[in-house]
Amino acid sequence: MAAAIRSTVSGEAVNIASRLESKTKMYNREVVVTEDVIKDLLPGTQHYRWIDMFQVKGSTRHLKLDEIYGHQPAEVRQFKDETRDLLEKALTI
């Protein structure tokens, strides 16, 4: 009988991924990413917006949380694009 193989993944990236998953539920958003992902998007990529800052448990880092919504219907993308600056202004007050 073969022994069962167990593996564990750990580290900061896994911790951040876990926190991001919980943020999708908390903010009722389909896709949330950190600022690092936004920096890696192709030039000219649109349809994302800043929605919060959060601190990863067990870390002193504060991460910028962005929502990606390019996959949503055109009217949703348009609304979010048009209100992006207003939302960011509200978040920085």
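Which residues make up the largest nonpolar core? In this predicted model, the core has eight residues in all: Ile-16, Leu-20, Val-32, Ile-51, Phe-54, Val-56, Leu-63 and Leu-65. Helix α1 and strands β2 and β3 each put in at least two of these residues. Leu-20 is a handy place to start looking around. Leaving out residues up to four places away in sequence, Leu-20 touches Val-32, Val-33, Thr-34, Phe-54 and Leu-65. Of these contacts, Val-32, Phe-54 and Leu-65 are also listed as members of the core.

Next comes the sheet. Three strands form an open sheet in the order β1-β3-β2, and their pairing is antiparallel. At the edges sit β1 (32–34) and β2 (48–55), each of which pairs on one side only. On average, neighbouring strands here are turned by 35 degrees against each other, if direction is ignored. In general, it is backbone hydrogen bonds that pair the strands of a sheet, in either a parallel or an antiparallel way.

The pairing of β2 with β3 can be followed residue by residue. Seven bridges join β2 to β3 (residues 62–68), and the two strands run antiparallel. Asp-52 has Leu-65 as its bridge partner in β3, and Gln-55 stands opposite His-62. Leu-65 thus turns up in two roles, as a bridge partner of Asp-52 and as a core residue. Six residues lie between the strands of this hairpin, and Gly-58 takes a positive phi there, near 85 degrees.

Two helices go with the sheet. Helix α1 (residues 12–26) lies across β1, β2 and β3, and runs at about 145 degrees to β1. Helix α3 (residues 74–92) also packs on the sheet, where it touches β2 and β3, and its direction makes about 30 degrees with that of β2.

Helix α3 also carries a lysine worth a look, Lys-80. Is Lys-80 buried or exposed? With a relative accessible area of 9%, Lys-80 counts as buried, because the cut-off for buried is under 20%. What does the side chain of Lys-80 make a polar contact with? The partner is the side chain of Glu-67, at 2.6 Å. Once neighbours within four places in sequence are set aside, Lys-80 is in contact with Arg-49, Glu-67, Tyr-69 and Gln-72. Glu-67 falls within the residue range of β3 (62–68), and Arg-49 within that of β2 (48–55).

Terms used: Residues are numbered from 1 along each chain as its sequence is written. This is a predicted model: local features need pLDDT of at least 70, side-chain atom pairs count only at pLDDT 80 or more; totals for chains, interfaces and linings use all residues. Side-chain values use heavy atoms; hydrogens and water are left out. Two strands pair if DSSP finds at least two bridges between them. Helices (H or I, at least four residues) and strands (E, at least two) are DSSP runs, numbered from the N terminus. Axes are lines fitted to C-alpha atoms, for helices over the stretch in contact, and angles run from 0 to 180 degrees between N-to-C directions. Contact means heavy atoms within 4.5 Å. A nonpolar core is a set of buried Ala, Val, Leu, Ile, Met, Phe, Trp, Tyr and Cys residues joined through side-chain atoms within 4.5 Å. Buried means under 20% relative accessible area, exposed over 50%, partly exposed in between (1.4 Å probe, protein chains only). A polar contact is a pair of N or O atoms within 3.5 Å; within protein, one must be able to donate a hydrogen and the other to accept it, and residues adjacent in sequence count only if both atoms are side-chain atoms.
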